[in-house]
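Reader: I am in my first year and still learning how to read a model of this kind. Could you take me slowly through a single part, chain B, and describe how that chain is built and how it meets its partner?

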Amino acid sequence: MTQGSMQIAALPVRSGFGLPLLLLSAAGLLGLSVLLAGQAAPALAWPWLLGVVALLLVGAVGIRQSAQGESRTARILPAAATLILAVLAAEAILRAYAVPTGLIPAPSKVAQSLWAARTVLLQDAYYTFVLEALLGFVVGTLAGLGLALLAVRFRILERGVLPYAALLSSVPIVALAPVVIKAAGLGWPSKTIIVAITVLFPVVINAVRGLQSAQPMHLDLMHSYAASPAQIFREVRWPSALPFIFTALRVSSTLALINAIVAEFFGTEGHGLGFRIQIEVGRFGLDIVWAAIVVASVIGISFYLFISALERFVLRRN
Amino acid sequence: MTAAPANLPRPARRPSNLLPMLGVALAALLLYWPLMLWANSGQAARSLASGADLGCTTALACATQLRNPVIPAPGQFATGFTSLSVPPLAPTSAPYNALVTGGETLLGLALASVLGLVLATLLVRSRSFERATLPWLVASQTVPIVALAPMLAVLLGQYGVQGFLPKAIIAAYIAFFPIAIGMAQGLRSPDPLQLDLMRTYRASPAQVFGLLQVPASLPYLFTSLKVAATAALVGSIVAEISTISFSGLGKMLAENSRASDTVALWVIMIYGAALGIVLVALIGGLERLVTRWRPPA
């Protein structure tokens, strides 16, 4: 399966050469960008492109070398190097071809705009993440857990409601958003409602499945101990449901932010990352768009990692 | 990821869900009338206070006659529904536009499956490629990729890609990551015993790939396709909104959202919801057709 990498590993060049090659490639790409910064636009773009491709090939060999073995560096370095080299190469190519910022902004331009517009973007992020995504996530999770408890307690409800939940989870958020925004107004609460609705379905479905996943043997054991229903719930049902619930929470954590942004495309009072992206696309301010996407990505990944860490912490304690 | 297994058929020995489902539907219908009156009466009272002539005297009576109700009354629903769908294939009717959007999404999903297979093969074949790109593929799942859709639409328009294709490309772009990851998982899923069996048959690597790994990855492909389908649908609708489009549910949404025609928005929402459900059901049907050898889990 890994014939390719095995051949490379058999070559005399060992993984020690990985890092120098990566540094060479990165420094070369950086150098090209710096050289290109001096002039307006080179008369001939293709020699620069050739240089970028050559340096990327050096980088690719470096990535291959550094990906050998099982050390911590061999796991982390290739991914980090890929991102850095891709950004540097994009910078050099965009400069060589003098691509206007209104079409594709160079990474350096995005970084500048990110810094210049930091207060606006942070305020947008506060609306989109804290008020809409996070609040909607919490409300949707609590409502979902409540509904799941009811569905497990009253079987008729489970059989009546759960099929709808499964059905409705394949409804696209964009169909829902305009109606909810028209009904609940342009302010942030309408987006919070939309996020809560989209979080609700996966939480209900997984929580019901989790609450029913308790092993019959454990339940029998609790019965023979004459445990009360509350005790059975606390000691058996709830712990066995937690992994299922956290799976739903992890999926929903990314959905929450994405859906908050999409919902903002359908009307806001002038705040939020989705609003910013839409309005700047219309004005060809693509550097701000990219900056907003960078902010959203960092928040999205952090939130996901936080929920994953919480999952590990809670599941280890139980 | 969570939604997909729920669509699998339940074991047959369980009692039918039909009666409880009908009960819940009935309860929702009974709740709908008071909810509609409550939601609309505030706006009705305001219009009455401003002296608008609605042909009614109390806020409650007016709640069913508003021009832009929060929740449409049954009569308004019926009128809106017929006016938007009666010549079903007219360019302004919702079924036609739903078909356009559905077509874009399906084309996007097909593109994404091909790309996903290529990427998954690379991921499985080369460990250094996997280490270099997999963290970013996983991270891209947590990133609002759909935020890129308006920009990508503009960019593709600049290079002359117009009409049907940009929406399908954006749908593919959104569906592509979950499919690639699911396929990579699937290509790795044959257990050592099966791989050993292939070796005893002296199968070439290409035969192992085509006869064992690809078929084994199909269930994974369909699971991720179901997850990706809704996302791709969102992608094509957002793309329709943010480019100049002449058809599609997204274009209808944008138009009626600007015109504040709430009845039309409700009708389009129902069509959009139905389209999402039909797409997932279509993929489920295709799955049963293609993976016949596999008993439903």
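Author: A helix here is a DSSP run of H or I with at least four residues, and a strand is a run of E with at least two, each kind being numbered from the N terminus. With that in hand, and keeping in mind that this is a predicted model, we can read chain B from its N terminus, where the elements run α-α-α-α-α-α-α-α-α-α-α-α. Put as a count, chain B has 12 helices and zero strands.

The next step is to see how these helices are arranged. Chain B is divided into domain 1, which covers residues 16-57, and domain 2, which covers residues 98-290. The centres of these two domains of chain B, taken over C-alpha atoms, are separated by 38 Å. For chain A, the partner, the assignment gives domain 1 (3-99) and domain 2 (115-317), and the C-alpha centres of those two domains lie 39 Å apart. Returning to chain B, if we take the contacts with a separation of 6 or more, 72% of them join residues that are 24 or more positions apart. One pair that shows how positions in sequence and in space can be compared is Arg125(B) and Leu187(B), which are 62 residues apart in sequence while their C-alpha atoms are 9.9 Å apart. Arg125(B) itself belongs to helix H5 of chain B, and it counts as partly exposed because it has 17 C-beta neighbours inside 10 Å.

From there we can turn to the interior. Of the 297 residues in chain B, 42% are buried. In soluble globular proteins, nonpolar side chains tend to be buried together. The largest nonpolar core here has 153 residues, and the members that touch the most others are Val262(A), Ala175(B) and Ile268(B). Helix H8 of chain B, residues 164-187, gives the most to this core, with 16 residues. Looking closely at Ile268(B), and leaving aside residues up to four places away in sequence, we find that Ile268(B) touches Ala175(A) in the other chain, together with Ala94(B), Leu249(B), Met252(B), Leu253(B) and Asn256(B).

That brings us to the contact between the chains, which takes 54 residues from chain B and 58 residues from chain A. On the side of chain B that touches chain A, at least two residues each are supplied by several helices, including H1 (3-6), H2 (18-49), H5 (94-125), H10 (205-242) and H12 (262-290). The largest share of that side, 10 residues, comes from H12(B). By type, the residues of this side of chain B divide into 35 nonpolar, 16 polar and three charged.

One detail of the backbone is left. Most residues other than glycine have a negative phi, and most peptide bonds are trans. Arg202(B), although it is not a glycine, has a positive phi of about 55 degrees. Arg202(B) sits in the loop between helix H9 (192-200) and H10 of chain B, and Arg202(B) is exposed because 7 other C-beta atoms lie within 10 Å. In chain A, Ala226(A) likewise has a positive phi, of about 60 degrees, and is not a glycine; its place is in the loop between helix H10 (216-224) and helix H11 (229-264) of chain A.

Technical notes. Residues numbered from 1 in each chain as written. Chains lettered and ligands numbered in written order. Predicted model: local features only at pLDDT ≥ 70, side-chain atom pairs only at ≥ 80, totals over all residues. Contact = placed C-beta atoms within 7 Å. Nonpolar A, V, L, I, M, F, W, Y, C, P; charged D, E, K, R; others polar. Buried ≥ 20, exposed ≤ 12 C-beta atoms within 10 Å, placed from the backbone. Domains from an automatic or database assignment. Core = buried A, V, L, I, M, F, W, Y, C linked by C-beta atoms within 7 Å.
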